[in-house]
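Work through these exercises with the model open. Each task is followed by a stepwise solution.

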Amino acid sequence: MRGVLSHGAYLPYRRLDRATIAAVAGAGGGTGTRTVAGFDEDSTTMAVEAGRLALRTAPPGVDAGRLLFSTVTPAYVDKTNAAAIHAALRLDRSAPALDVGGAVRSAAGALRLALDGGPPTLVTAADVRTGLPGSADEAGGGDGAAAVLVGDEDDGPLVAELIGAGAATEEFLDRWRTPGDVRSKQWEERFGELHYVALGEAAWAEALSATGLEAGQVDRVVVAATHGRAAKALGRRLGVAPDAVADDLAATVGMTGAAHPALLLSSLLEAAEPGQVLALVVLADGADVLLFRTTDAIVDRRPVRPVAAQVAAGGPIDYGAFLRWRGMLTAEPPRRPEPARVSASAAARNGDWKFGFVANRDDTGDVVLPPAPGEGHQQVPMADATGVVVTSTIDRLAYSPSPPIVFAVVDFDGGGRLPVELTDVDADGLTAGDRVELTFRRLSTADGIANYFWKVRPARLADHPRQEATA
Amino acid sequence: MGSHGIRDRVAIVGMGCTRFAEHFDLGVDDLLLDACGQAFTAAAVTTDDVDAYWLGTAQSGMSGMVLAKPLRLEGKPVTRVENMCATGSEALRQAVYAVASGAYDVAMAVGVEKVKDSGYAGLNAYPLPGDGTARTLTAAAMFSMVAPAYAERYGVDQGELKAVLARIAAKNHFNGARNPRAQFRREVSAEQICAMPAVAGELGVFDCAGVADGAAAAVVVRAEDAHRYTDSPLYVKALSFVAGNGTGLSDPGYDYTTFPEVVRTAEDAYAQAGVTDPRAELAMAEVHDCFTPTELVLMEDLGFSERGQGWKDVEAGVYDLHGELPVNPDGGLKSFGHPVGASGLRMLFEAWLQLRGESPEERRIATVAPGRTLALTHNLGGYPGEMVSFVGIVGTEPS
């Protein structure tokens, strides 16, 4: 039996109130909020965050033997983005890291491929959803990431077993984007809806027949779709109880593109009880259906940062900053030299530090960040460390893609100090004594090269305590 | 520290210093010719009389040829040195040691920086290829963390400390207003300084050193030869230098209220010079006031004020032009400006003028007297937790 060993999702901190869009863009917007990736986040960094969370609750001793990454908005083409995720997650060198990219369906397909067999596989997906100001994609999209560790029951106890799957494919034109463009375009909505509902029904029937279950026996179903009307229409035709259709997070998060299938699956799993039948339906250039049955293990291995808790923990961003961060509004940069491009050889030499945030102990036994040079020092992985702000400052002069820089001297629990940049924080929102945690970010970009490293951010969410099994 | 010192073995017999300013119409060559020309004249020597040269520049050129070309030196050794913002002092140190060693009879230390050709505000270091993990904070932001740390450690109200820091800037502007070579020749009140918008932490633009182009130069000779060049040489009493190992940044015990590298160089320099009570024995000090909190902490690190008392001494006017120990009587980095490679020698230039009674009357200090003929220069580069520090002491009386 194959299924889900652990899972996790990552939602960026900022939330755009859709009601603020129309006043500037002249149209668009709506009700509710969407998640907004930080100026220092991209699909790679968010996938790292989701991957970290998924691995936190992996069964002891299970290592990902394969990494898959899907996104519609890759930091690079021609270069594999999954390699940086692999490095940040400190996966074994023997584990292949592969981009399964380009379209939203790739993310559903990667999950399906991992469920077909092979080593324990960390399936990650992330997206930054963009659209022109005032567009439906801008308001309805959301940014985020999710990761699912897939494996066999022999690898460790599964939290959910795959019990059936179905798929349906047709070539038809609904959404499209030219590589390099910042927006997608969409054909007339009704045309796509008709195709998607038919494809969804076909895949649904195939999956159910594989299990021998009736639709009414499915406890919870969630539809991740690039076509909102089709998702709603299909949901009414699946034959499940009306309240069995779970929240697709459209009102609070938005449609997160390639991240959405795994994000919604994680959202379903975190709230599920043992023995439930859960269905993930994906409509994206075809239809994919995955049916799971949860196990007793689900109770002991809830995600440490549930989606629901992250949805509730956002902070606002104004529409102007949103437009600047997405490159839709070009603001005057600081009159300081822009950062130099990263040296490939220096980054490779220092990969454990740069990507993995691995410090070491010096001759006196103290934790040293960055790691002390020389041979024979014990490595100290620090990415999951938390710490406290000793002192902080605001740099209104230094170059930043989104000035000012908020900066702090941080003492980590268990030893080690680092002066380090803050993120996900307002300029006046930090005081000495605040607790912080590490987050993987894209510091800058020069010559097309993304400079990835770690920052700290306020530790707003306590790790969700692992729940005890209830009687 | 394992230094022996070379007290009174080398003398400064001629100095020069350009005006520090936004010299958009002058290049590195022009600045070097001006400063060196003044020094040659003061020491009554020619380029040929100088046996060897040390040129300090942080990033306005590479190699000794930066100096050899404009001076049209013939077959002379010229060494280019760099030690961040202490580069000018490093040039002096090397030239003085070269003479003390006996290798040369006459040497010259020159510092120059052409900052204003970059097209950017502030000081900007050339980027070195790296892994992209290095901090990109400005010096202003790094030093801004000193003020709240000091306030907390010594229980000083933040608002009161801000006023103390403004008083430091106002004092340096007062002095600079009386200095025709200074970049900013305008008095600025503490109230005006406090009212400036913040640029880094609580620091406003008037808490920061001026950014200027400029050059300074010194001719040094064996002490026993000094009177062949001038009637009033300055004798080198001490030269101390420390390059920090950067552990302050990663040491949870470091609290941003002191610069240990400065403490080490001060102790070493006082030992070399035989100074036991710097506040009473020194007639003046030029210190590296890159930001106002820096000067405050230096008053304690250099042993002028007791720990935690520096802010009170500033308030009491101890370091004013006519205070108990004048600090930065030429206006300091704040008002004189900070062409990186030149600043260390600019500090020495003020000692050259003041100790020898050549400073303009409107800013002449009253502390120089028989038995009190020493001046200290302090020059640093880097940031709290990772810096280089230089302390030099010169005097008019050989011991």
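**Exercise 1. Which residue of β3(B) stands opposite B:Gly56, and how is β2(B) placed among its neighbours?**

Step 1. Find the partner. B:Gly56 stands opposite B:Val81 in β3(B). Keep in mind that this is a predicted model.

Step 2. Count the bridges on this side. β2(B) and strand β3 (residues 78-81) of chain B pair over 4 bridges, in the parallel sense.

Step 3. Add the connection. Helix α2 (residues 65-71) of chain B joins β2(B) and β3(B) in making a β-α-β unit, and that unit is right-handed.

Step 4. Turn to β4(B). Strand β4 (residues 106-113) of chain B runs parallel to β2(B), with 5 bridges between them. Here B:Leu55 has B:Val110 opposite it.

Step 5. Check the cover. Of the 5 residues of strand β2 (residues 52-56) of chain B, 4 are buried.

**Exercise 2. Name the residues with the most contacts inside the largest nonpolar core, and trace the contacts of B:Val220.**

Step 1. Size the core. It has 282 residues. Those with the most contacts inside it are B:Val110, B:Ala217, B:Ala218 and B:Val220.

Step 2. Find the main contributor. Helix α1 (residues 28-43) of chain B gives the largest share, 9 residues.

Step 3. List what B:Val220 touches, leaving out residues up to four places away in sequence. The contacts are B:Val10, B:Ala11, B:Ile12, B:Ala95, B:Val96, B:Val99, B:Ala107 and B:Ala109.

Step 4. Recall the general background. Nonpolar side chains tend to be buried together in soluble globular proteins.

**Exercise 3. Why is strand β11 (residues 386-395) of chain B described as largely enclosed, and which strands pair with it?**

Step 1. Count the buried residues. In β11(B), 9 of the 10 residues are buried, so the strand is largely enclosed by the rest of the structure.

Step 2. Take one partner. Strand β8 (residues 234-243) of chain B runs antiparallel to β11(B), joined by 8 bridges. B:Val242 faces B:Ser389 across this pairing.

Step 3. Take another. Strand β10 (residues 374-383) of chain B pairs with β11(B) over 10 bridges, also antiparallel. B:Leu376 has B:Ile393 as its bridge partner.

Step 4. Inspect the turn. The hairpin of β10(B) and β11(B) has 2 residues between the strands, and B:Gly385 takes a positive phi near 95 degrees.

**Exercise 4. Describe the contact between chains A and B, then say what covers α5(B).**

Step 1. Count both sides. Chain B gives 29 residues and chain A gives 33.

Step 2. Locate the elements on the chain B side. α4 (139-144), α5 (146-154) and β5 (198-200) each supply at least two residues.

Step 3. Sort that side by class. It has 16 nonpolar, 10 polar and 3 charged residues.

Step 4. Look closer at α5(B). Its buried residues are B:Val146, B:Ala147, B:Pro148, B:Ala149, B:Tyr150 and B:Ala151. Their cover includes β18 (386-395) of chain A, along with α4, α6 (158-176) and α10 (292-301) of chain B.

Step 5. Check the exit. Just after α5(B), B:Gly155 has a positive phi of about 65 degrees.

**Exercise 5. How many residues of domain 1 of chain A are in contact with domain 2 of chain A?**

Step 1. Set the bounds. The domain assignment gives domain 1 as 2-325 and domain 2 as 344-458 in chain A.

Step 2. Count. In chain A, 15 residues of domain 1 contact 16 residues of domain 2.

Step 3. Sort the domain 1 side. It divides into 8 nonpolar, 2 polar and 5 charged residues.

Key: Residues are numbered from 1 along each chain as its sequence is written. Chains are lettered from A and ligands numbered from 1 in the order in which they are written. This is a predicted model: local features need pLDDT of at least 70, side-chain atom pairs count only at pLDDT 80 or more; totals for chains, interfaces and linings use all residues. A nonpolar core is a set of buried Ala, Val, Leu, Ile, Met, Phe, Trp, Tyr and Cys residues joined through C-beta atoms within 7 Å. A residue is buried if 20 or more other C-beta atoms lie within 10 Å of its own, exposed if 12 or fewer, and partly exposed in between; C-beta atoms are placed from the backbone. Two residues are in contact if their C-beta atoms, placed from the backbone, lie within 7 Å. Domain bounds come from an automatic or database domain assignment. Ala, Val, Leu, Ile, Met, Phe, Trp, Tyr, Cys and Pro count as nonpolar, Asp, Glu, Lys and Arg as charged, and the others, Gly among them, as polar. Two strands pair if DSSP finds at least two bridges between them. A crossover is right-handed if, with the strands pointing away from the viewer, the path from the first strand over the helix to the second runs clockwise.
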